[in-house]
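Student: I am new to this structure and would be grateful for a close look at a single part of it. Please explain how that part sits among its surroundings, and then turn to the annotated positions.

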Amino acid sequence: SRPQVRGAEPASAAPAAARDTRAPSHFDYERFRQSLRHPARGRRPPEDPETRARRMKVKEMMKFAWDNYKQYALGKNELRPLTKNGHIGNMFGGLRGATVVDALDTLYIMELEEEFQEAKKWVEKSFDLNVNGEASLFEVNIRYIGGLLAAYYLTGEEVFKSKALELGEKLLPAFNTPTGIPRGVINLGRQDTPSLFSPCSGMSWSWGWASAGSSILAEFGTLHLEFLHLSELSGNPVMNIRKVLNKVEKPQGLYPNFLSPVTGNWVQHHVSIGGLGDSFYEYLIKSWLMSDKKDSEAKTMYDDALEAIEKHLVKKSAGGLTYIAEWRGGILDHKMGHLACFSGGMIALGAEHAGEEKKQHYMDLAAGITHTCHESYARSDTKLGPEAFRFDTGSEAMATRLSERYYILRPEVVESYMYMWRLTHDPKYRQWGWEAVKALEKHCRVEAGFSGIRDVYSATPTHDNMQQSFFLAETLKYLYLLFCEDDVLSLDDWVFNTEAHPLPINHTNFKAKAGMQ
């Protein structure tokens, strides 16, 4: 997900990747594959024809999205489906092919073999990392690093690993601050000295719009999963920004969205589970799960944060809808963003591992939030949800501002359906997912791809001419998994990063022992 631009997602600690990607890596891929409890694509037991037909429909949508991107925009970052051309944008610092890298694992899991080979070939032949431009550390990490790592773990193809390590090294200068909390923007220009402490040209700075040169919680908090794997594959140690977060005082136990990378203090007291804050919390519980439940620090931080969120931010509307408000220096803003709708799935995932007395409580909370997010879809003319919805006027779970009525193919609501289905097997979640598929087909599918829409409350919405890369990485992947058996990308083996790229749970240490190569 993305900060404001797209919505960030919850996170925890940031590690430092490769110092020298040329050093031989002794990761034992075969041993890793054998440790998986289920084949990544599942075993495909007999199933009912309706579920299979729905899964095949989602697969067809993916093929349609990919084929049009390939035809009109291959090598650009995203497809503009109405004008049938490509979009580069300014988030990725000169990197290209965001849709290719974001789509790799989805194509693989859906067994779109030919399309996967097309994507792999582009990465091998055309993916140039020698670029010079300003990039979002957060976006490059979750989309490019996450996508390359997932493709490597799913296939064992070395090209994905080597590109991930090389790109990870280019991100390190962002951490060169007095606190080790990274700044949000990195110049990907070549570093003559690939060291964390003497970055040569890898300049970094904070977003111009971020409060007083601060770093954004969801951005610096959404690095840990990917950098842990970069560290594992490269043999270089991890940097941990959690120590700063543990030291700094949290108002009411809450984590504000802006922190100074210079002083390590909060810059202001705006708290949000939506954009700017979201994936920080997500990466806490996922860090613990990815460590095979050994990273107790992450679990404690998650438990404490969730307790504070529930105490201060979780509210029930007059109409009985559970939602998570935003907190501005002690004053509640009764608004929930589409980006915050990932939290139903996150809370359900965490509930699985809470004590018995709390487990049902958190599953009920997760179900309540997911129900509210479904209502934001059900109450619109298109049956797709707005960017943000409010509870402070007569209407509930609806956008009240023109600027919040758009839908840009976001995944967070169907992401929560997928987790809720896996953890409860209540058939309503598959039904809700199918409603979303039908709405996407009716309102977002155009002649040459899928497009976001400008007003979900218009029966004939206008299109925004953008097929976001996360539509292929996340929205279609989560919908596909919703209609799969539970052993496809099993939650026993994989944790999804905030761009839905599956990273393996560390069941054991896969570094080959010396002499056992």
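Tutor: Let us begin with the surroundings of one helix. The covering of the buried residues of α6 includes α3 (98-109), α4 (113-126), α5 (137-155), β4 (185-187) and α8 (224-234); contact here means heavy atoms within 4.5 Å. Helices (H or I, at least four residues) and strands (E, at least two) are DSSP runs, numbered from the N terminus.

A word on the basis of these statements is needed. The model is predicted, so local features need pLDDT of at least 70 and side-chain atom pairs count only at pLDDT 80 or more, while totals for chains, interfaces and linings use all residues. Residues are numbered from 1 along each chain as its sequence is written, and side-chain values use heavy atoms, with hydrogens and water left out.

Helix α6 itself comprises 14 residues, 158-171, and spans 20 Å from its first C-alpha to its last, close to the 20 Å expected at 1.5 Å a residue; the expected span is 1.5 Å times one less than the number of residues. Eleven of its 14 residues are buried, so α6 is largely enclosed by the rest of the structure. Buried means under 20% relative accessible area, exposed over 50%, and partly exposed in between (1.4 Å probe, protein chains only). Among the buried residues of α6 are V159, F160, A164, L165 and L167, and also K161, K163, E169 and K170.

One of the elements covering α6 is α5, and helix α5 holds E139. UniProt, in an unreviewed entry, places the feature "active site" at E139, D278, E387 and E412; its positions are given in the numbering used here, feature names are shortened, and annotations may be inferred rather than shown by experiment. E139 is buried, at 1% relative accessible area. E387, by comparison, is situated in the loop between α13 (356-378) and β14 (388-390). With 11% relative accessibility, E387 also counts as buried. Leaving aside residues up to four places away in sequence, E387 touches G337, H338, E404, Y406 and R410.

A further annotation from the unreviewed UniProt entry, "binding site", covers T498. T498 lies in the loop between β17 (494-496) and β18 (502-504) and is buried, its relative accessible area being 0%. The side chain of T498 forms a polar contact with the side chain of E282 at 3.0 Å. A polar contact is a pair of N or O atoms within 3.5 Å; within protein, one must be able to donate a hydrogen and the other to accept it, and residues adjacent in sequence count only if both atoms are side-chain atoms.
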